[in-house]
Amino acid sequence: MLNKNTHLQGLLLLIIFLSVAFSHAQIRKKTTLNSHWKFHKGVLNPDFSKNIEGEIVNLPHTWNNKDVLNDHKPGHYRGEGWYSKIISLFPDLNEKSYFLQFEGVGQVAEVFVNGHKAGSHVGGYTGFTLNITPFLKADNNILHIKVDNAHNPDIPPLSADFTFFGGIYRDVFLIETSKTHFNLSDNGSTGLFISTPNVKGNSSEIQLKGSFISESKNKLEIQLKVLDAQRKTVLSTIKRLKSNTGLNTFEIKSKLTEVNLWSPDNPYLYTAEISIIKDGNILDEENIRFGFRSFYFHPENGFFLNGSHLKLIGANRHQDYYGDGVALSDDVHRHDLKILKDMGANFIRLAHYPQDPAVLEAADELGLLVWQETPLVNEVTLSEAHDNNAETILIEMIRQYYNHPSIILWGYMNEIYWAHRFLDENVVDAHTEATVKLAKRLENVVRNEDPTRYTVMALHHYPLYETSGLGDIPQVVGWNLYHGWYYDNFEDLGKFLDEEHKKHPERIHILSEFGSGSDQRLHSLKPERFDFTMEGQKAMIESYLTQIMERNYLAGATYWNLVDFNSEKRVDTKPHWNQKGLLSSKRVPKDPYYLFQATLLKEPFIKIAETNWQHRVGVSDTTPFLSPVDIYTNQKTVQLEANGKLLEEKIVKNNKVTFNVPLSIGENQLLAISNNISDYITINFRNIPVLLKEQYNIDISINAGSNHSFFDEKGANVWVEDQPYRPESWGYIGGEQLYVGKKIGTKEKILTIDSFIPLYQTIREGIEAYRFDVEDGWYEVELLFVEPFPKSRRFVGNDVSPSHLGGKRIFDVLINNQPWLQNLDLLKDYGYNYPLREKTKIKVTEGKGLSISFKAIKGKPIVSGVKLRSLN
Ligand code: GCB
Ligand code: CA
């Protein structure tokens, strides 16, 4: 008996020892469940006892990454999708609790565990955590997740200029805790909220508020330990309490006298280790990184961080990558923020929705201040369910991201009157009232949830924000302004802002968006609105940055957008993309990125800002061939060496200097030098003669109906801007440009899978002839046509059918009076937006030159591109 007892005691001791040892190991376990899900796209009635039939996918996953790239089919799949997975979990159901944590699912999720509905979540951009303990079995546990990204009139965003991807597109975690644990059921948060009130000099208070679930009534301790970046404990404090069964709250306050303040220059982070302790054993533990900083906005003087003025400059960012949609790895998120930091930015607007936790962690680590917002974009609706969802999403955002020192602003509406102008007259007032009411409600939510930050709303150029009083509600007003793009001229930006500042001297202003669309293949010496040339984007940003820097009251500015991003409804030179990025969707920098660097970086910087224009074709008869080359730098003067020859030194103005550089045919080596820094580029140059007499090597590609050139990347060929014909030379006779500079909005969607879309989009209409005064000989003539769909920004739907009756325009094409293409009826033969591209051979004799003439039978002839090559 005795023997047995001692044996038992020994065993008990061993168990206690093991559990103590374990408690000093890891109490809480958190692991991703990302790999090897079965996926089915479409509606399904699954057998919950088994895996669904379907392809194997890994998370992050979206089902739209491929269909949004399919340029010749409108729309993308918006509906149901199912995921399932058998998890190898042998749960300890007596001792542990289990949670599933989703960082983001687009946009409605229903979670089933062994066939039981464990919970659901609404909204595609905030996380959620479900306690699945009650539904678990001893083994063979199976998960089914139903996801839906169909349009839902009760879930924001109702509409927006970005694509609503479906799928489990962020990480999923399984969390195991003790039965007593921090409250993981608090809106997807950790249940722990740290703030640092009263930062003065190097001292600060620290406040921790939290809640936890207790398995039973107990005497417990909550421990807060603060470790510095070298893991030295700088604070250790314990709160003793008597817990009730179920939910308990607590608060710990303390003071630190010697803290290292967080800032963009010194993103110093501390780690809080917070644990629940019972009888010396840790029951649950969470670590949270945070920082000490203070800030405020001033309506006249801008933004102050830790007592010092800081002009907030940066960019907006969408979660988006070419070919992946929104299903990005944490590395891609981190890399984007690194790109922004390297640009010299100190500020980022995470538009138009809360982004991946990895983004906020990176902002903390790199030192980027953050404006984070909920996805209320373009419009509200008169549904109560919508407003309730808007509020829940806002609370989720604030609680999930509360602890990040980088966040300074909570936003809850973007251009919310954007769709207002389309409303029916009898509902206009009701919508305005509903918008103001919802804004007030959300404003109060933020003030209650988190008085340590400011509220913000992004407005657009529309008088209703003023007249309805909406602009008076948030603490900070963000302006999305596109002077010189959608309206007015670049300089009108400053005028507009100054007027606003004068009208509302008490308001804090940020320029939350400004931007201009661009395409690295399009270039012009005389950029125009909507031409999507790189030079247009450069000109806008050059003007804007100067105006931004000149205005002290303007607390900050964020460019729209860091990257080109998917926008299903858009039809620019790359259909379905918003092209205002400072980088392409594959993260190739566009040259204006370097102007930000030149303006913002403190270390010496110089860059020849022509990386997007390294293939040039001139049209000239006089040598040397001169071509402009921009350099962005923060130095005072710059010298340029072109092909070994030093040009005269130039003085830098507003971080820019332009050289008119003599280029030779072929490769040109350019070297920009200032003090001890330099930059190097190669520019490939070819020339097209103006006068064609005694020219035997003709190769002219013309971007008909356009003032800008188009670079065909695959063929490494430049299609030059159009020019009128004059004797002995070449060019068009008659007709006028269709669209360019005339249409608000953007260009036509051309349904082609080739890469020539921007070439087809610019069109010469009413064309009579293209004339080339070439020498006798053999030539190849090539023509490109398309019948553009008449309405801008519309999908063509069934109108693309080649069986269209046609008859909009019918014409013949003749070369030197010989019929070539006869009775051409583009609409009838090809339908809207289908390109026609043909070439033919012709012999020019008797010094007649070459004339391609277009003879109208009905309507006005059109042409998009003309190419002539000698075959001698
Ligand atoms: C805006 C919107 C943003 C759009 C942008 C644009 O003002 O807030 O979502 O993408 O304009 O490019 O038109
Ligand atoms: Ca992630």
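Author: Throughout this text a residue is called buried under 20% relative accessible area, exposed over 50% and partly exposed in between, with a 1.4 Å probe and only the protein chains taken into account. The model is predicted, so local features need pLDDT of at least 70 and side-chain atom pairs count only at pLDDT 80 or more, while totals for chains, interfaces and linings use all residues. Residues are numbered from 1 along each chain as its sequence is written, chains are lettered from A and ligands numbered from 1 in the order in which they are written, and side-chain values use heavy atoms, with hydrogens and water left out.

Reader: Which residues come nearest to ligand 1?
Author: A residue is near a molecule if one of its heavy atoms lies within 4 Å of it. There are 13 residues around ligand 1, and those that come nearest are Asp 161, His 352, Glu 415, Tyr 486 and Lys 580.

Reader: How many charged residues are in the shell around ligand 1?
Author: Asp, Glu, Lys and Arg count as charged; Ala, Val, Leu, Ile, Met, Phe, Trp, Tyr, Cys and Pro count as nonpolar; and the others, Gly among them, count as polar. Sorted in this way, the shell around ligand 1 has 4 nonpolar and 4 polar residues, and its charged residues number 5.

Reader: How far from an oxygen atom of ligand 1 does a polar side-chain atom of Asn 578 lie, and what share of the ligand's area does the protein bury?
Author: A polar contact is a pair of N or O atoms within 3.5 Å; within protein, one must be able to donate a hydrogen and the other to accept it, and residues adjacent in sequence count only if both atoms are side-chain atoms. A polar side-chain atom of His 352 lies 2.7 Å from an oxygen atom of ligand 1, and one of Glu 513 also lies 2.7 Å from an oxygen atom of the ligand. For Asn 578 the distance is 2.8 Å. Taken alone, ligand 1 exposes 320 Å² (Shrake-Rupley method, 1.4 Å probe), of which the protein buries 93%.

Reader: How many residues apart along the chain are Phe 182 and Phe 250?
Author: Rings of Phe, Tyr and Trp (its six-membered ring) pair if their centres lie within 6.5 Å, and planes under 30 degrees apart count as stacked, over 60 as edge-to-face and the rest as tilted. The whole structure has 45 aromatic pairs, and in one of them Phe 182 and Phe 250 are tilted, at 6.4 Å centre to centre with 50 degrees between the planes. Strands are DSSP runs of E with at least two residues, helices are runs of H or I with at least four, and both are numbered from the N terminus. Phe 182 belongs to strand β11 (residues 181-182) and Phe 250 to strand β16 (residues 246-256), so that the pair links distant parts of the chain, and their separation is 68 residues.

Reader: Is Phe 182 buried or exposed?
Author: Its partner Phe 250 has a relative accessible area of 6% and is therefore buried. Phe 182 has a relative accessible area of 0%, which means that it is buried.

Reader: Which residue sits with its charged end over the ring of Trp 613?
Author: A charge sits over a ring if NZ of Lys or CZ of Arg is within 6 Å of the ring centre and within 35 degrees of the ring normal. One such case is at Phe 756, where the charged end of Arg 837 sits over the ring, 4.4 Å from its centre. Over the ring of Trp 613, at 3.9 Å from its centre, sits the charged end of Arg 616.

Reader: Where does Gln 107 lie?
Author: The peptide bond from Gly 106 to Gln 107 is cis, with omega near -15 degrees. Gln 107 lies in the loop between β5 (96-102) and β6 (108-113).

Reader: What is omega for the cis peptide bond that joins Trp 560 and Asn 561?
Author: Asn 561 has its place in the loop between β30 (554-559) and β31 (565-566). The bond that joins Trp 560 to this residue is cis, and its omega is about 10 degrees.

Reader: What relative accessibility does Asn 817 have?
Author: Asn 817 is found in the loop between β50 (810-815) and β51 (818-824), and although it is not a glycine, its phi is positive, about 70 degrees. Asn 817 counts as exposed because its relative accessibility is 64%.
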